[in-house]
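This report concerns the relation between two protein chains and the interface they share. Please consult the sequence and the structure shown here.

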Protein chains: 2
Amino acid sequence: MLAYIVESFDRSTKVIDFHYPNELLQRNNWELSDEPETLDDILISCRATLKYAIKTAHPRYFNQLSTGLDMVGLAADWLTSTANTNMFTYEVAPVFVLLEYVTLKKMREIIGWQDGHGDGIFSPGGAISNMYAMLLARYKMFPEVKEKGMSSVPRLVAFTSEHSHFSIKKGAAALGIGTESVICIKADERGKMIPSDLERRIVEAKQKGYVPFFVSATAGTTVYGAFDPLMAIADICKKHDIWMHVDGAWGGSLLMSRKHRWKLNGVERSGLMQSCNQMQACYLFQQDKQYDLSYDTGDKALQCGRHVDIFKLWLMWRAKGTIGFEAQIDKCLELSEYLYNKIKDREGYEMPQHTNVCFWYLPPGVRYLEDKVEKMKRLHKVAPVIKARMMEYGTTMVSYQPQGDKVNFFRMVISNPAATFEDIDFLIEEIERLGQDL
Amino acid sequence: MLAYIVESFDRSTKVIDFHYPNELLQRNNWELSDEPETLDDILISCRATLKYAIKTAHPRYFNQLSTGLDMVGLAADWLTSTANTNMFTYEVAPVFVLLEYVTLKKMREIIGWQDGHGDGIFSPGGAISNMYAMLLARYKMFPEVKEKGMSSVPRLVAFTSEHSHFSIKKGAAALGIGTESVICIKADERGKMIPSDLERRIVEAKQKGYVPFFVSATAGTTVYGAFDPLMAIADICKKHDIWMHVDGAWGGSLLMSRKHRWKLNGVERSGLMQSCNQMQACYLFQQDKQYDLSYDTGDKALQCGRHVDIFKLWLMWRAKGTIGFEAQIDKCLELSEYLYNKIKDREGYEMPQHTNVCFWYLPPGVRYLEDKVEKMKRLHKVAPVIKARMMEYGTTMVSYQPQGDKVNFFRMVISNPAATFEDIDFLIEEIERLGQDL
């Protein structure tokens with residue numbers, strides 16, 4: 001594992017040793033059988049698993065929103081695995097429950113809630129967190145929904161930007177609200193929700209007799225990295241008495257940067273509560289325990305036991321301090337700016353203005369096409385081919401996707417602390433090397 | 001960490017070095033600050049975290065359904081942390097996605113579905129899995145619910161035993177079905193759902209104009225460890241055309257034991273599907289990728305990225321083989337039987353017949369009380385005090401809870417591979433030592 005880590009940071013190693021699924025299935029024996037395998041085989045399996053894994057720590061791996069490998073974080077994760085417990089009562093995870101308490105309080109202070117008041121819980125990712133937010137909003141307005149279900153309440157409608165994460169719709173489908181009751185608000189050219197459109201759609205919904213209960217603003221959209229105008233949205237929510245949620249899965253950490261936190265101004269204008277998910281199962285949350293039961297956090301969650309996610313974040317925070325995270329965030333944004341400036345006037349690139357650097361590379365054969373329809377058709381195919389070639393060579397990885405009427409474009413997000421200016425230069429060279437013949 | 005592991009298996013070490021929350025908060029500096037801490041402090045923090053953690057590997061830790069520490073499992077978890085990716089597309093987790101595919105197929109074969117057909121996904125625990133099951137059942141009967149929400153469908157009702165896990169109600173609350181639409185079916189003295197009561201309540205619900213859509217049977221209830229009669233329940237579900245779900249979070253692994261798998265006969269009579277949760281977010285699940293997209297499992301899940309849980313199970317399975325799990329399961333059940341036989345006729349104990357060994361210890365001062373109301377009142381307080389004392393001494397830990405009209409009783413579940421007959425003997429002695437004066 002140590003060799004793998006060292007290798008991962010080495011730019012001369014491949015980001016991925018890519019094989020198609022059927023091929024990979026055949027390159028090793030992955031089957032489970034009745035009889036135990038030998039220790040040798042177990043070690044071979046471990047080596048094969050690492051050999052064909054993506055090197056997410058690699059300085060040139062830019063494919064996902066979260067990349068990079070933090071050594072203290074890794075040590076913390078190993079310790080978490082060693083402790084081998086899960087979160088739901090103080091009894092089974094005393095330290096981890098306290099650390100979650102300490103960390104959540106600190107996070108609420110950073111958000112700007114008075115004295116860190118409020119409540120919270122770590123959940124298994126942003127999608128489930130967004131679902132929690134909808135649950136809370138619905139419960140606040142109609143607490144009877146918990147017992148009586150959606151048939152006891154009027155038709156609810158939720159609002160979110162057309163650029164928001166798909167988990168808002170997924171949540172609405174799951175919660176019995178229905179995806180048709182999620183109204184997508186127009187975003188401007190930079191991907192920010194347009195407040196006037198939000199208010200117009202709220203009024204329209206009310207006129208139809210629907211009940212607006214939830215607005216999900218996004219602080220860092222998935223594709224453009226756009227920050228919705230939280231203050232204006234909070235004003236509208238206050239005026240119409242609607243719960244405001246901010247999905248900060250991608251951009252929330254900017255709160256730790258004194259330089260960039262203004263992008264989240266207004267985030268402090270929302271809240272949390274507990275009684276929504278409580279079931280008070282007597283076999284778990286015995287009321288006659290010897291300690292303060294407010295530390296038995298399990299009943300706040302949709303889950304029963306929860307994976308211990310807190311220690312990794314807590315230990316990294318201890319090791320870096322808030323200023324360490326700030327420096328890391330500022331550096332990532334500086335690299336984005338560097339990339340932006342580098343390709344802004346470079347021949348063969350087109351780019352709108354975004355936080356995530358989104359851009360098209362136009363190979364010479366496409367660049368000068370006059371037929372616009374043909375040009376877009378050809379351009380749409382460029383990013384997938386370059387990406388596939390990147391993976392074949394294993395040199396770097398970056399995301400691409402279409403958005404609305406825009407054909408496939410690269411989306412470059414920089415969250416890897418190991419990335420440098422040179423890695424950005426490399427990416428550009430690599431795109432041109434792999435795409436010039438297209 | 002290695003010292004901690006070795007210590008955890010040593011019976012002379014405490015299971016827990018217990019402190020009350022406020023005390024524990026003061027015993028170490030757990031605060032997060034702006035400035036980084038030194039490496040020394042980080043190491044101190046790690047040591048303190050392990051010092052006050054529960055030793056879940058300890059052979060005398062019986063507190064939770066899941067206990068014990070498997071060395072191969074731990075190694076696998078360390079490797080998972082090192083790989084530091086998550087699950088949603090083949091692109092970001094090629095090996096792990098394949099291993100999930102291989103493992104789920106194997107599990108479906110063991111369940112008994114024809115040729116391992118069907119679908120599945122690893123989810124963050126049993127509670128979320130139960131919620132998935134309700135989602136699937138509802139979607140199968142009323143696919144329009146995804147777009148139109150619960151207001152487009154008649155009043156749905158779900159059925160589950162009064163001894164089932166609280167996550168069924170939690171799920172119903174979240175999904176907009178409402179807890180009042182979960183009808184609790186009577187269980188017999190051993191904790192098994194009574195099929196005739198199920199059918200009676202289904203007919204009754206239909207007469208009221210409700211639509212029964214979901215029956216959740218339990219294979220291993222939380223408190224008694226009871227197995228609902230799956231065959232009889234499957235017959236009723238088939239007759240009334242209702243989706244049958246089996247919650248096997250606790251007892252499902254018995255399928256790997258040739259001796260005990262009969263308890264789950266009938267589990268093969270249910271199914272899974274995919275389109276329920278799909279949203280086809282184009283920025284994640286690009287249709288123009290170069291590989292077979294059926295390996296991009298992310299869109300089946302409520303989550304976006306998922307924690308990589310598969311490798312731990314897969315590697316343990318490789319190392320033990322199915323027969324290794326079987327031996328482990330058989331041994332745990334043998335220890336339960338040993339405990340049962342040991343206290344069956346022992347003075348001062350009362351016990352109904354269950355898979356989980358549930359029992360009362362009656363201290364001499366309670367044992368001979370003639371006033372039955374007073375006796376139950378006193379007995380109700382015995383288990384909490386013994387448990388609190390166990391934690392103070394740190395010698396062992398076991399669960400207790402009331403159930404229905406039964407006062408607090410111990411629930412002994414044995415899943416720790418390190419436990420032996422001597423540890424069972426120790427538990428009895430310890431209960432008597434700590435409780436005789438009550």
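The sections below treat the symmetry of the predicted model, followed by the interface and its composition.

## Symmetry of the two copies

Two copies of a chain are related by a rotation about an axis and a shift along it. Here, a turn of 180° with a shift of 0.0 Å along the axis lays chain A on chain B at an RMSD of 0.0 Å. The two copies are therefore related as by a two-fold rotation axis. Within chain A, L175(A) has the C-alpha nearest the axis, at 2.0 Å from it.

## Extent of the interface

Contact between the chains involves 128 residues of chain A and 127 residues of chain B. Of the interface residues of chain A, 98% are also interface residues in chain B, so the copies meet through the same surface.

The size of an interface is often given as the accessible area lost when the parts come together. Between chain A and chain B, the buried area is about 11,000 Å², and carbon and sulfur atoms give 63% of that area.

## Polar interactions and composition

Six salt bridges are counted between chain A and chain B. One of the salt bridges joins K148(B) to E180(A), with the closest N and O atoms 3.0 Å apart. In addition, 55 residue pairs are in polar contact between the two chains, both residues being at pLDDT 80 or more.

On the side of chain A that touches chain B, helix α11 (residues 310-344) of chain A supplies the largest share, eleven residues. By residue class, that side of chain A divides into 71 nonpolar, 34 polar and 23 charged residues.

Definitions and conventions:
Residues numbered from 1 in each chain as written. Chains lettered and ligands numbered in written order. Predicted model: local features only at pLDDT ≥ 70, side-chain atom pairs only at ≥ 80, totals over all residues. Heavy atoms only, no water. Least-squares fit on C-alpha atoms with pLDDT ≥ 70 in both. Contact = heavy atoms within 4.5 Å. Buried area = accessible area lost by both parts, 1.4 Å probe. Salt bridge = Lys/Arg side-chain N within 4 Å of Asp/Glu carboxyl O. Polar contact = N/O pair within 3.5 Å; in protein donor to acceptor, adjacent residues only side chain to side chain. Helix = DSSP H or I, 4+ residues; strand = E, 2+ residues; numbered from the N terminus. Nonpolar A, V, L, I, M, F, W, Y, C, P; charged D, E, K, R; others polar.
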